[in-house]
Amino acid sequence: MQTDCLYVFDFDGVLCDSIRECFVSSWYAYFHYHKGTDPGSVELDRKERFYRYRPYIRTGEDYVLLHDLIERGREIRSQEEFDEEKRAAGPEFASRFRSLIYRTREEFLSNDREWWLSLNPLYPGLHGSLVRIAERPDTVILSTKRPDLIAEILGAAGIDWPGSRIHHSGETGKLPFVSKLRAEVGAREAVFVDDQRDHLMHGSDPAVRCFLAVWGYVQPQWLSEPGPELLSLRDFTAMLDRLVPV
């Protein structure tokens, strides 16, 4: 593929408003599988704190770690504090939490597929735009969520997005991954849209233009701090529609 510009989009917090699914799946993974208990209800305070801490999340295991921190009464006030807690938990817990949340998601998909998929709505106004650009080879999705789950969610919404253009960043930072993709396809530049500020800050490729999705899971202070350009949902939709005019 030869293209002037490669467009790279995060999934959760950019295309999909998945916070309900992430809360439910990680809650079940933490209590049912990790602790071996089944609370009959969810405390409102837990949900509020989970939603408040959501912007610090990078990968699937982080959601389960959030429940552990909340359970222990640990207050998180910054990305640095969350990252330190994750380092303190260690790689064994990260691996365990990752396996548990994906085990839970697979169980939910198998036992109540329509309900699980309903917890992953696309953001308002994006459906038609995504249908129209789904076949464009210069648009890709880059996420820390497993590509097969993303394909399930998009497919259920009637969007036939090829699996070859859904990438998992793995242990690689997202910006280096975008730079690698750009080089592989021979694009002169790339546009990268994400709602996690750190994903947009750690890279050195001047040919990658970064945008912070302000409709996603962002901390209010990120909107006034120096860093990536801010992008509204309206302007993002317009960006997609310029690729394939209505």
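## Helices and hollow spaces

Helices α3 and α4 each supply at least two residues to the lining of the second largest cavity. That makes a handy starting point for a tour of this predicted model.

Let us stay with this cavity for a moment. It holds about 50 Å³ of space, and its lining consists of E61, D62, L65, K86, A89, G90, F93, A94 and F97. Helix α4 gives the most to this lining, with 6 residues. Sorted by class, the lining of the second largest cavity has 5 nonpolar, 1 polar and 3 charged residues.

In total, the structure holds 2 cavities of 30 Å³ or more. The largest cavity has about 150 Å³ of space and is lined by 18 residues, with D12, R54, R58, Y63 and T144 lying nearest its centre. The elements giving two or more residues to the lining of the largest cavity are α3 (60-71) and α4. Its lining has 3 nonpolar, 6 polar and 9 charged residues.

Next comes the largest pocket, with about 540 Å³ of space. Of the 24 residues that line this pocket, R58, T59, K86, G170 and E171 lie nearest its centre. Two or more lining residues come from each of α3, α4 and α8 (174-185), and the largest share, 6 residues, comes from α4.

Here are the three spaces by volume and lining class:

| Space | Volume | Nonpolar | Polar | Charged |
|---|---|---|---|---|
| Largest cavity | about 150 Å³ | 3 residues | 6 residues | 9 residues |
| Second largest cavity | about 50 Å³ | 5 residues | 1 residue | 3 residues |
| Largest pocket | about 540 Å³ | 4 residues | 10 residues | 10 residues |

Helix α4 also has a partner to meet. The axes of helix α1 (residues 19-35) and helix α4 (residues 79-111) come within 9 Å and cross at roughly 110°. Angles of 65 to 115 degrees count as roughly perpendicular, so α1 and α4 are roughly perpendicular to each other. The crossing of α1 past α4 is right-handed.

Which residues make the contact? On the α1 side they are E21, C22, V24, S25, S26, Y28, A29, Y33 and H34. On the α4 side they are F93, R96, F97, L100, I101, R103, T104, R105, E107 and F108. By class, the contact of α1 with α4 has 10 nonpolar, 4 polar and 5 charged residues.

If you are looking for residues to find in the viewer, try F93 and F97: both belong to the α4 side of the contact with α1, and both line the second largest cavity.

Terms used. Residues numbered from 1 in each chain as written. Predicted model: local features only at pLDDT ≥ 70, side-chain atom pairs only at ≥ 80, totals over all residues. Heavy atoms only, no water. Axes fitted to C-alpha atoms, helices over the stretch in contact; angles between N-to-C directions. Helix = DSSP H or I, 4+ residues; strand = E, 2+ residues; numbered from the N terminus. Parallel < 35°, antiparallel > 145°, perpendicular 65-115°, else oblique. Left-handed = near helix turned anticlockwise from the far one by under 90°. Contact = heavy atoms within 4.5 Å. Nonpolar A, V, L, I, M, F, W, Y, C, P; charged D, E, K, R; others polar. 1 Å grid on protein atoms, 1.4 Å probe; cavity = no way out; pocket = protein on both sides within 12 Å on 5 of 7 lines; lining within 4 Å. Points joined across faces, edges and corners; volume = space filled by probe spheres on them.
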